[in-house]
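Here is a briefing on one protein structure. The sequence and the model come first, then the points by topic.

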Amino acid sequence: MPTTPLPRRAARIVAVTALTAALTPLTGMPTSGAAPMAPGDNGTLKIHTAPWDGVARTPYGDAIDEPRVCRFYLDAANFETVDAVTWRIETEPPVTGGATLRGTLNLPNDAGIGHTEDLNLPDGQYQLSWSFAGMTGAERQKTFTVDCRASMTTPPPGPQGGPPAGGGGIARGEAFTTVAGAGIVGLAAVGGVMWFRLRRRTHGA
């Protein structure tokens with residue numbers, strides 16, 4: 001039986017080992033497309049209600065994000081050591097000459113939190129965008145709606161149909177239907193008994 005010479009077999013083993021090593025990624029090397037997170041990348045600007053016409057302010061630092069407001073402010077959170085965030089608000093979709101707001105929100109003491117003054121915009125849909133120095137990727141965005149009419153508190157709708165009966169009774173229409181039905185059934189039963197008795201007397205029973 002033919003055998004492979006030892007030198008040729010050793011060379012073949014060395015070649016296979018080298019190829020395997022070349023195709024295996026080195027442990028700890030960054031994968032393609034993965035960028036390290038920069039301080040503040042997890043930060044966000046939240047839309048919060050500001051006081052107006054008896055409506056209370058959403059507290060600073062509240063975790064809620066309100067997509068529909070009237071008077072409002074921007075509340076920053078989780079920006080770590082970032083000291084300033086640049087923001088702007090534009091109509092969504094964009095409208096030529098539409099209402100816009102823009103500004104820079106300073107975040108003192110490396111706390112990553114802060115808030116703007118109270119803001120106003122005409123009713124409509126808007127897009128909030130923000131960015132900061134050293135951030136990873138494109139600017140962040142979110143949409144919200146300014147609707148002062150829908151935000152106003154209104155009394156709950158009154159009861160539908162006829163007025164209810166006193167003492168927790170049923171409504172007048174339902175009471176009439178129920179009582180009338182019971183009366184009809186009672187009259188039919190009484191009439192049947194009287195007719196049966198008259199029939200027995202007529203036949204001498």
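Glu139 is partly exposed, with a relative accessible area of 29%. This is a predicted model. The side chain of Glu139 meets that of Arg88 in a salt bridge, 2.9 Å from N to O. The two residues sit in distant parts of the chain, 51 residues apart.

**Salt bridge Arg88–Glu139**

- Arg88 belongs to strand β4, while Glu139 lies in the loop between β7 and β8.
- Arg88 is also partly exposed, at 23% relative accessibility.
- Besides its salt bridge to Glu139, Arg88 has a place in the sheet: Arg88 stands opposite Ser129 in β7.
- The whole structure holds 8 salt bridges.

**A charged network**

- Which residues do shared salt-bridge partners join into one network? They are Arg68, Asp123, Asp147 and Arg149.
- Asp147 and Arg68 form one salt bridge, with the closest N and O atoms 3.1 Å apart.
- That pair spans 79 residues: Asp147 is in the loop between β8 and α2, and Arg68 is in strand β2.
- Is Asp147 buried or exposed? Asp147 is buried, with a relative accessible area of 13%.
- Its partner Arg68 is partly exposed, at 46%.
- The side chains of Arg149 and Asp123 form another salt bridge, at 3.5 Å from N to O.
- Arg149 lies in helix α2 and Asp123 in the loop between β6 and β7, so this pair ties together parts that are 26 residues apart in sequence.
- Arg149 counts as exposed, with 64% relative accessibility.
- Asp123 is partly exposed, with a relative accessible area of 37%.

**The sheet**

- The sheet is open and has 5 strands, in the order β2-β8-β7-β4-β5.
- Pairing in the sheet is mixed.
- Strands β2 (68-69) and β5 (101-106) are the edges, and each pairs on one side only.
- β2 runs parallel to β8 (residues 140-146), with 2 bridges between them.
- Arg68 has Thr145 in β8 as its bridge partner. Arg68 also makes the salt bridge to Asp147.
- β7 and β8 are antiparallel and are joined by 7 bridges.
- Across that pairing, the bridge partner of Leu128 in β8 is Lys142.
- β4 (residues 84-91) and β7 (residues 124-131) also run antiparallel, with 6 bridges.
- The position of Arg88 opposite Ser129 in β7 puts a salt-bridge residue in the sheet.

**The disulfide**

- How many disulfides does the model have? The count is 1.
- Cys70 is joined to Cys148, with an S to S distance of 1.9 Å.
- The link is right-handed, with 85° about the S-S bond.
- Cys70 is in the loop between β2 and β3, and Cys148 is in helix α2 (residues 148-151).
- The two cysteines are 78 residues apart, so far that the pair links distant parts of the chain.
- Cys70 is buried, with a relative accessible area of 8%.
- Cys148 counts as partly exposed, at 22% relative accessibility. The cut-off for buried is under 20%.
- Helix α2 thus hosts Cys148 of the disulfide and Arg149 of the charged network.

**Asp75, a buried acid**

- Asp75 is found in strand β3 (residues 72-77).
- Asp75 is buried, yet has no salt bridge.
- Which side chain of opposite charge is nearest to Asp75? It is Lys46, 7.3 Å away. A salt bridge needs a distance within 4 Å, so Lys46 does not qualify.
- The side chain of Asp75 reaches a backbone nitrogen instead, that of Gly61, at 2.6 Å.
- Leaving out residues up to four places away in sequence, Asp75 touches Thr44, Leu45, Lys46, His48, Pro59, Tyr60, Gly61, Asp62, Gly114 and His115.
- Gly61 is thus both a contact of Asp75 and the residue whose backbone nitrogen its side chain reaches.
- Lys46 too is among the residues that Asp75 touches, although the two form no salt bridge.

How values were computed. Residues are numbered from 1 along each chain as its sequence is written. This is a predicted model: local features need pLDDT of at least 70, side-chain atom pairs count only at pLDDT 80 or more; totals for chains, interfaces and linings use all residues. Side-chain values use heavy atoms; hydrogens and water are left out. Two strands pair if DSSP finds at least two bridges between them. Helices (H or I, at least four residues) and strands (E, at least two) are DSSP runs, numbered from the N terminus. Buried means under 20% relative accessible area, exposed over 50%, partly exposed in between (1.4 Å probe, protein chains only). Lys and Arg count as positive and Asp and Glu as negative; His and the chain ends are not counted. A polar contact is a pair of N or O atoms within 3.5 Å; within protein, one must be able to donate a hydrogen and the other to accept it, and residues adjacent in sequence count only if both atoms are side-chain atoms. Contact means heavy atoms within 4.5 Å. A disulfide is a pair of cysteine sulfur atoms within 2.5 Å.
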